[in-house]
Amino acid sequence: MSDTEIQLSGEAAAPSACIICGGGSFRPAGISSGYRIFKCTNCGFHFVYPTPPLSEIAAIYEKYSSNQHYAAKAERKVLRAMKQIRRYRHLAPGNRFIDFGCNIGTAVEAATRLGLDAYGVDIDEESVGIAEREYPRGHYHAGSPESLPADWKDFDFAFMIEVIEHLPDPHAYVEAMKARLRPGALLYLTTPDAGHWRVPRDFVKWHEVFPPQHLHFFTRDAMRRILTAHGFEVIRFIWSPKSRLKVLARKT
Ligand SMILES: [Zn+2]
């Protein structure tokens with residue numbers, strides 16, 4: 001393919017509307033590993049466009065979730081999650097906890113150790129298998145949030161840690177998550193912060209930009225918009241010295 005052809009096919013694939021705010025004005029934010037990234041000039045949302053096909057994303061995940069060295073850090077992750085749960089649980093209306101994107105179950109284990117009734121769901125079967133083996137006091141489900149058993153509902157406290165940036169369709173996931181929470185439930189969500197002062201001026205030089213694992217990069221504005229669109233109310237954003245967006249929200 002010649003350079004001209006690449007340019008032409010690229011232009012044909014320009015986004016038409018921001019999936020977060022509906023805005024129609026974009027700026028190219030660079031190319032990373034062959035994936036084009038755009039910035040919505042209205043809400044600051046950055047996104048890979050076109051969204052790669054699921055098969056392409058899945059292929060990468062096979063390698064991505066090589067859990068061996070992840071497991072070595074597991075206890076440290078359990079302790080960190082315990083700290084977060086302790087800090088915010090007073091804002092949750094009850095004891096039913098669920099971790100969306102639970103990986104090998106470290107936050108589920110943390111919640112269990114703190115006396116919560118803890119559940120975890122993850123699309124990656126291998127990770128869920130490890131969770132079941134390592135932290136058997138939790139309840140686990142391998143699959144999408146749409147595929148959860150019917151009695152996985154009325155949760156009081158949900159974690160969604162470093163998940164939303166991976167999702168080809170964040171709206172569908174957030175909606176499915178919300179359906180499992182009871183009104184008043186607390187959500188603690190983290191993701192890279194595209195609006196953080198540490199993000200390099202040349203966006204694709206940011207260490208969080210590695211498509212196709214990371215597809216969507218939220219700002220506080222964009223995060224508030226997607227949560228509001230799905231019936232959440234932002235309680236507050238938590239300041240982070242790293243380029244991390246941390247938000248506490250409540251299902252209304
Ligand atoms: Zn936008």
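Which residue forms a salt bridge with Arg137, and how far apart are the closest N and O atoms? I will come back to that pair in a moment, after a word on the model as a whole.

What we are looking at is a predicted model, and the chain in it has eight helices and 11 strands. Along its principal axes the C-alpha trace spans about 60 × 35 × 35 Å, and of the 252 residues 51% count as buried. For a chain of 252 residues, a compact globule would have a radius of gyration near 18 Å, and the value computed here, 18 Å, agrees with that.

Now to the opening question. The partner of Arg137 is Glu109, and the closest N and O atoms of this salt bridge are 3.3 Å apart. Arg137 sits in the loop between helix H6 (125–134) and strand S6 (139–142), while Glu109 belongs to helix H5 (residues 106–113), so the pair ties together parts that are 28 residues apart in sequence. The two ends of the contact differ in their surroundings: Arg137 is exposed, with a relative accessible area of 51%, whereas Glu109, at 6% relative accessibility, counts as buried. For those who like to set such values against the cut-offs, buried means under 20% relative accessible area and exposed means over 50%. The pair is also part of something wider, in that Glu75, Glu109, Arg113 and Arg137 are linked in a network of salt bridges.

A search of the whole structure finds 11 salt bridges, and I would like to set two others beside the one I opened with. In one of them, Asp156 forms a salt bridge with Arg182, with the closest N and O atoms 2.7 Å apart. That pair links distant parts of the chain, since Asp156 is in strand S7 (residues 155–161) and Arg182 in strand S8 (residues 181–192), 26 residues apart. Asp156 counts as buried at 3% relative accessibility, and Arg182, at 33%, counts as partly exposed. In the other, the side chains of Glu134 and Arg133 meet at 3.3 Å, N to O; here Glu134 counts as partly exposed at 45% relative accessibility, and Arg133 as exposed at 60%.

Let me turn to the metal site. Which residues are the protein donors of the zinc ion? They are Cys18, Cys21, Cys40 and Cys43, each through its SG atom, lying 2.3 Å from the ion. The angles among the four donor atoms run from 99 to 115°, and the site is tetrahedral. In sequence, the donor residues follow the spacing C-x2-C-x18-C-x2-C. Cys21 lies in the loop between helix H1 (3–12) and strand S1 (26–32), and Cys40 lies in strand S2 (residues 35–40), so this pair of donors ties together parts that are 19 residues apart in sequence. Cys40 itself counts as buried, at 0% relative accessibility.

Strand S2, which holds Cys40, also takes us to the sheets. Strands of a sheet pair through backbone hydrogen bonds, either parallel or antiparallel. Four strands form an open sheet in the order S1-S2-S3-S9, with antiparallel pairing. S1 and strand S9 (216–217) stand at the edges, each with a single partner strand, so one side of each is left without a neighbour in the sheet. Between S1 and S2 the antiparallel pairing extends over six bridges, and the bridge partner of Gly30 in S2 is Ile37.

The other strand I want to show is S4. Is strand S4 (residues 96–100) largely enclosed by the rest of the structure, or left open, and why? Four of its five residues are buried, so S4 is largely enclosed by the rest of the structure. Five bridges join S4 to strand S5 (residues 117–122), and these two strands run parallel, with Ile98 standing opposite Tyr119 in S5. From S4 the chain crosses through H5 to S5, and this β-α-β crossover is right-handed. S4 also pairs with S7 in the parallel sense, over three bridges, and in S7 the bridge partner of Ile98 is Ala158.

That brings two of the salt bridges back into the picture. Helix H5, through which the chain crosses from S4 to S5, is the helix that holds Glu109, and strand S7, which pairs with S4, is the strand that holds Asp156.

Note on methods
Residues numbered from 1 in each chain as written. Predicted model: local features only at pLDDT ≥ 70, side-chain atom pairs only at ≥ 80, totals over all residues. Heavy atoms only, no water. Donors = N, O, S within 2.8 Å, 3.2 Å for Na, K, Ca; no water. Tetrahedral: all angles 85-135°; square planar, octahedral: opposite > 155°, others 65-115°. Buried < 20%, exposed > 50% of the residue type's maximum accessible area, 1.4 Å probe, protein only. Pairing = 2+ DSSP bridges. Salt bridge = Lys/Arg side-chain N within 4 Å of Asp/Glu carboxyl O. Right-handed = clockwise from strand over helix to strand, strands pointing away. Rg over C-alpha atoms; globule rule 2.2 N^0.38 Å.
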